[in-house]
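Morning, everyone. Please take a look at the structure on the screen, and I'll walk you through a few parts of it.

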Amino acid sequence: MRRPTLAARIGLVTTAVAAVAVLIAGLVSYGLVRRAADVEAQHALARQADVIAGTPVSSPGRPDRVPVQQRVAFLLRRQGIAIAWETREGVALGDRLARRAAATAPGGSSADRQSFRTGVDGETVLVEIRPLDSGGLLVLAQPRSQATGVAAQVLRRTTLALLAGLAVAALAGIVLARRLARPLQRAATAAHDLAQGRRGVRLSTEGPAEMAEVADSLNQLASALEYSETRQREFLLSISHELRTPLTAVKGFAESLADGVTTGADVAPVGATVLAEATRLERLVADLLDLARLGAQDFRIDVTEVDLSSLVADAGRVWAARCRAEGVLFATELPSARLPVTTDATRLRQIVDGLAENALRVTPAGRPIVLAVRAEGDEAVVEVRDGGPGLTEDDLGVAFDRSALYERYRGVRRVGTGVGLALVGGLTARLHGRATAGHAAEGGACFAVRLPRALHPSVGGSRTGE
C-alpha cells in the first residue's frame, strides 16, 4: 500500500483546519446575526409604533377616520406588520394577529408602552403597544420570520463567503504543500543519485531556511563523498605501486631461478633478495590490515605494565644497526630509571618502529636520528627526531592523515606507502594517547607520541579494543 505523500498530508491538514475554522466562524456568525437581527427588528417595529402613535388620527365622527386607518394598515401590511387599535371604550379594531397578540400582553390591555415577544399559533411574534393621545392603544405585531428576513439574506451571503474562503484556503494549502514538498522531493532524488554512485549532484540552497539547510547538508555530503573516494582511489594507486615493486623483483628472481639462469654461488644472494622483498610485502600487508581493522571491535589490545625505557632501548639496538648500514647517525636518550607505562607492548613497539622507519627513509647519510623517551607529569613521551628535510607548517596538521604527505612529496623525496604515519596515529589513539608532529632541533621533523602512564580502571583490564 502506497503511503500518502507529504504534499497530500499538508493539503489535507490545511483543508481540515480551514474547514474547522469556517465551521466555527459560521456558527458564531449565525448566532450573532440572528441575535442582532432580532434586536434590530424589535427596535424597527418600536420606532414605527412610536411614529404612528404620535401621528394625529381622525376622531370618531369624522368621515375620513376609516380611510386614514386603512392607508396606515395598507402600508404596514406590505411590510408584513399587523396593526390594531383599541378604543377608549375597549373596542378592538384592525388585524386579527395584532388583536390576539395584544391579548397576551404581560401588563394587560390597560398598560402603557410595551415591547415584548409572544407566541401566536406556534409562531414567535414581535409586539409593540403604544398609548394614543386620543385614548386607547395602538398595537403593532410582526412575525419574527418576516422581521428577520434580512438576517437570512445576510446569513446566506455569509455562508457563501465562508465557503469561498474555504475553497481559497484549500487551494492555498495544496499550493503550499506542493511548494514545501518539492525541495524535499529534489533532496530525495539527490540522495538516491548519491546512493547510485553519482557524485556531481548539487542542490540549490534557495527557499525556506530549513529546506536550504537540507540542500546545503546534501551538497556537503556529496562533496565529502567525492573527496573521500578520490582519496581512496589515490591511496589504492599508491598501494598498487608499492606492491608492484617488490612483486616485480620477486617474480624476476624467481624466473631466473626457475629457468636455471641463476646457479651456483649466485643462488644465495638471489634468495636473500627474494626474502627481503617478501618481508617487505608481508610488512606492508600487515600494516594495511592493521589500518583497516583499527576501528573494529576485535582489534586486539593487550594491556600490561611495560617498562618504556627497556622497550625503547631494545628498539634502539635494532635501529642503530640499520642506521649504520645506511650511514646515518643514531642515538638514544633514555631516562636513568625505569619508566613504567600501562599499555600494549606489541602495539607500542609497532609505533616506535613505524616512526623510526619513516625517519630513516628521509634522513640522508651523515645526518642524525634520535630516539628519545621522557616522563612529563602523568604522561610518557616517545620522540623520534631526524635530520632530514623536515616538514612545513601546513604539513604538521596533516602528518598523520592517510597518504597526505605521500601525495605532497611523491616524486620530490623518498616516500613510503602513505600508510605508516596513519597507522601510527590510529594505534596511538587506540592506546588512549595522542601523536603530534613538529620541528626537530636536528633540523628535520620531530614525531612525538604521548601516552598516559596509567590507564583508566575501566580500560586497564581490557583485552581487546574498545
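**The hairpin and its neighbours**

Let's start with a turn. E9 and E10 make a hairpin, with 2 residues between them. Glycine 377 sits in that turn and has a positive phi of about 65 degrees. One caution before I go on: this is a predicted model.

How do the two strands run? Strand E9, residues 368–376, pairs with E10 in the antiparallel sense, over 8 bridges. To find your place, look for arginine 374, which stands opposite valine 381 in E10.

E10 has another partner. That is strand E12, residues 445–452, joined to E10 by 7 bridges. These two run antiparallel. Here the marker is glutamate 383, opposite alanine 448 in E12.

Is strand E10 mostly covered or mostly open? Covered. Of the 8 residues in E10, which spans 379–386, 7 are buried.

**Helix H3**

Next, H3, residues 96–103. Ala98, Ala101 and Ala102 are buried in this helix. They sit on the same side of H3, because they cover an arc of only 100 degrees around the axis. The general rule helps here: an α-helix has 3.6 residues a turn, so residues three or four places apart point the same way.

What covers the buried residues of H3? The cover includes four strands: E1 (82–86), E3 (114–120), E4 (123–131) and E5 (137–143). Now turn to the face of H3 away from the buried side. That face carries Arg96 and Ala103, both exposed.

**Helix H12**

H12 runs over residues 420–430, and 9 of its 11 residues are buried. Among them are Leu421, Leu423, Val424 and Leu427. Thr428 and Arg430 are on the buried list too. Just after H12 comes histidine 432, with a positive phi of about 65 degrees.

**Leucine 360**

Leucine 360 lies in helix H9, residues 345–362. Leucine 360 is buried, at a relative accessible area of 9%. What does leucine 360 touch, leaving aside neighbours within four places in sequence? Its contacts are Trp319, Arg322, Cys323, Glu326, Val328 and Ile369. Take tryptophan 319. In sequence, it is 41 residues from leucine 360. In space, the two are 9.0 Å apart, C-alpha to C-alpha.

**A surface patch**

Last stop, the surface. Val20, Ile24, Val28 and Leu32 make a nonpolar patch of about 360 Å². Leucine 32 belongs to helix H1, residues 6–53.

That's my tour. Over to you.

Note on methods
Residues numbered from 1 in each chain as written. Predicted model: local features only at pLDDT ≥ 70, side-chain atom pairs only at ≥ 80, totals over all residues. Heavy atoms only, no water. Buried < 20%, exposed > 50% of the residue type's maximum accessible area, 1.4 Å probe, protein only. Arc of directions from axis to C-beta. Contact = heavy atoms within 4.5 Å. Patch = residues over 30% accessible without salt bridge, like charges linked within 9 Å, V, L, I, M, F, W, Y side chains within 5 Å. Areas by Shrake-Rupley, 256 points an atom, 1.4 Å probe, with all protein chains shown as cover. Salt bridge = Lys/Arg side-chain N within 4 Å of Asp/Glu carboxyl O. Pairing = 2+ DSSP bridges.
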